[in-house]
Every structure is written in C-alpha cells, then in structure tokens.
Amino acid sequence: MNRTRCPWCGKLIDKEADSAEYRKKYFYLHMKISFGRHYGICSHCGKIYNDVPRSALICLIAWFAYFGFLMILPIAMYSAIIVLPLLVIISSKPSHFKRIDDNLSGVVKHEEKLRAKANICKQYYDILPNEILLLSKDHDAHEPFSRVSPISVSKLDEKAGILEGYWLYDNCDNAYFASLDRVHLYDDEGNVVADITFKEKIQNG
Ligand SMILES: [Zn+2]
C-alpha cells in the first residue's frame with residue numbers, strides 16, 4: 001500500500017511538509033473536510049493527494065444504524081462501550097494515497113490509456129495492491145515526470161504470475177521500457193522486487 005510516494009509523480013514525499021503546505025493554502029477548506037485524513041501538496045509536482053479512509057462511508061452508515069437501534073433497544077447502550085471505539089478504529093484506518101483534483105472535488109482516477117499489464121518473471125519480495133514501484137532506480141534524483149513513469153499496482157495474481165496496474169503519467173521512456181524483454185521493479189529502498197515483462201507494448205510518449 002502506497003503511503004510513501006506521491007500518486008501523481010511517484011517521488012518520495014515528506015508527509016509533514018506536504019501537509020503543512022496544504023493547510024497553508026486551503027486553511028478554511030482544511031478545517032471543513034480534512035478531519036481524520038492526511039491531505040498534502042506534493043513538494044515535487046505541486047499536486048494534491050490524500051488518504052481518505054476506505055471504510056469511512058460504511059462506518060458512517062453503521063454509526064447511524066447503531067444509534068437508530070439504540071432508540072429501539074436501550075440495553076444496547078452497554079455494548080456501545082465496545083462497539084463505538086471499534087467503529088472509530090475501523091473508520092480511521094488509513095488507505096493509500098490517492099490523487100485529488102485541484103478543486104478538491106474528488107479522487108482523480110488513473111487514465112485507461114495508461115493501464116499496464118505484465119507477466120512476473122521472478123518475484124523477490126511481496127508486492128501489495130496500490131503499491132508504487134519504480135522502473136528506474138534513480139527515479140528520485142530527477143525532475144518530476146522527466147523519467148520513465150513508476151507503476152501503481154492495482155491487482156496481483158501471484159498464481160498466474162500477472163501484475164496489473166497503471167503508469168502514473170505519460171513519458172516517452174514508458175514505451176521503451178514496455179518493449180524490453182525483462183524489466184526490474186524497484187521499491188523505495190532500491191531493492192529489486194520483481195522482474196517483469198510487459199504484455200502490451202505502448203505507443204505513448
Ligand atoms: Zn508529486
């Protein structure tokens with residue numbers, strides 16, 4: 001699960017600094033909408049990201065349903081001591097960082113044309129859904145969007161040896177890497193996580 005890299009440019013983020021920058025720019029909005037969430041403005045590319053808890057909506061519904069239930073059956077009040085903190089814990093479970101548009105109106109999905117599918121030739125470490133893996137070991141040493149795009153993993157079928165995900169952005173180097181027989185995927189520490197071969201060649205760039 002990606003909580004270390006910007007979901008737009010894929011560079012390593014500084015959560016505290018990015019969050020402070022967000023609060024500075026969107027002070028009033030921040031007071032209204034950011035309760036329990038991490039919002040940040042990437043110091044590399046200037047784009048906004050957050051980690052809206054995945055289960056927030058479910059917990060909100062459960063919360064209201066529970067209070068409705070309380071009105072009918074007062075004895076349920078006793079179990080509130082256990083249930084309510086549990087709901088808070090579940091609802092505050094952080095999710096991976098998602099892209100937020102400049103108007104803060106919602107999550108920006110990956111572009112379909114940047115979908116990537118690859119065969120895993122060899123896997124050295126675990127790969128988690130929503131992880132951002134690099135194709136270039138020195139990705140962080142370069143300007144944002146200037147090098148081959150990292151891959152955001154959306155699905156992993158270890159049995160079939162297939163990895164699906166999205167290129168974070170268009171770059172002319174993407175097509176070159178997609179055409180290679182074997183490509184390394186790196187994690188944040190520069191370890192090779194897996195060797196893959198892209199199934200679809202691309203014409204972007
Ligand atoms: Zn960024």
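**Figure 1. Asn171 in the predicted model, a residue that counts as buried.** Asn171 has a relative accessibility of 8%, and because this is under 20% the residue counts as buried. Its place in the chain is the loop between strand β7 and helix α5, the latter made of residues 172-179. The side chain of Asn171 reaches two backbone oxygens: that of Phe145 at 3.0 Å, and that of Ser146 at 3.5 Å.

**Figure 2. Phe145 and its positive phi.** Phe145, whose backbone oxygen is reached by the side chain of Asn171, lies in the loop between β5 and β6. Most residues other than glycine have a negative phi. Phe145 is not a glycine, yet its phi is positive, about 70°. With a relative accessible area of 34%, Phe145 is partly exposed.

**Figure 3. Leu104, with a positive phi in the loop between β3 and β4.** The phi of Leu104 is about 60°, a positive value although the residue is not a glycine. The loop that holds Leu104 connects β3 and β4. A relative accessible area of 15% places Leu104 among the buried residues, because the limit for that class is under 20%.

**Figure 4. The open sheet of six strands.** The order of the strands is β5-β6-β7-β4-β9-β8, and their pairing is antiparallel. β5 and β8 (183-186) form the edges, each of them pairing on one side only. Helix α5 lies across β7, β8 and β9. The direction of α5 makes an angle of about 170° with β7.

**Figure 5. Strand β7 and its two partners, β6 and β4.** β7 covers residues 162-167 and is mostly covered, with six of its six residues buried. On one side, β7 pairs with strand β6 (residues 151-157) in the antiparallel sense over six bridges. Within this pair, Val153 has Gly165 of β7 as its bridge partner. Four residues stand between the strands in the hairpin of β6 and β7, where Gly161 takes a positive phi near 70°. Strand β4 (residues 115-123) is also antiparallel to β7, and five bridges join the two.

**Figure 6. Ala118, with partners in β7 and β9.** Ala118 stands opposite Leu163 in β7. Ala118 also stands opposite Phe198, which belongs to β9. The pairing of β4 with strand β9 (residues 192-198) is antiparallel and has five bridges.

**Figure 7. The surroundings of Leu133 in strand β5.** β5 consists of residues 132-133, and it is one of the edge strands of the six-stranded sheet. Leu133 is buried, with a relative accessible area of 0%. Beyond its neighbours within four places in sequence, Leu133 is in contact with Ile127, Pro150, Ile151, Val153, Leu185, Tyr186, Asp187 and Val193. One of these contacts, Val153, is the bridge partner of Gly165 in β7. The C-alpha atoms of Leu133 and Ser149 are 9.4 Å apart in space, while the two residues are 16 residues apart in sequence.

**Figure 8. The zinc ion and its four cysteine donors.** Cys6, Cys9, Cys42 and Cys45 coordinate the zinc ion through their SG atoms, at 2.3 to 2.4 Å. The angles among the four donor atoms are 107 to 114°, and the site is tetrahedral. Along the chain the donors follow the spacing C-x2-C-x32-C-x2-C. Cys6, in the segment before α1, and Cys45, in the loop between β1 and β2, are 39 residues apart, a pair that links distant parts of the chain. Cys6 is buried, with a relative accessible area of 0%.

**Figure 9. The open sheet of three strands.** The strands have the order β1-β2-β3 and pair in the antiparallel sense. The edges are formed by β1 (39-41) and β3 (98-100), each of which pairs on one side only. From one strand to the next the twist averages 35°. Three bridges join β1 to strand β2 (residues 48-50), and among the paired residues are Tyr39 and its partner Asn50 in β2. Helix α1 (residues 15-25) packs on this sheet and touches β1 and β2. The direction of α1 makes about 90° with that of β1.

How values were computed:
Residues are numbered from 1 along each chain as its sequence is written. This is a predicted model: local features need pLDDT of at least 70, side-chain atom pairs count only at pLDDT 80 or more; totals for chains, interfaces and linings use all residues. Side-chain values use heavy atoms; hydrogens and water are left out. Buried means under 20% relative accessible area, exposed over 50%, partly exposed in between (1.4 Å probe, protein chains only). Two strands pair if DSSP finds at least two bridges between them. Axes are lines fitted to C-alpha atoms, for helices over the stretch in contact, and angles run from 0 to 180 degrees between N-to-C directions. Contact means heavy atoms within 4.5 Å. Donors are N, O and S atoms within 2.8 Å of the metal (3.2 Å for Na, K and Ca); water is not among the atoms, so sites may look incomplete. Four donors count as tetrahedral if all angles lie between 85 and 135 degrees; four count as square planar and six as octahedral if opposite donors are over 155 degrees apart and all others between 65 and 115; anything else is irregular. A polar contact is a pair of N or O atoms within 3.5 Å; within protein, one must be able to donate a hydrogen and the other to accept it, and residues adjacent in sequence count only if both atoms are side-chain atoms.
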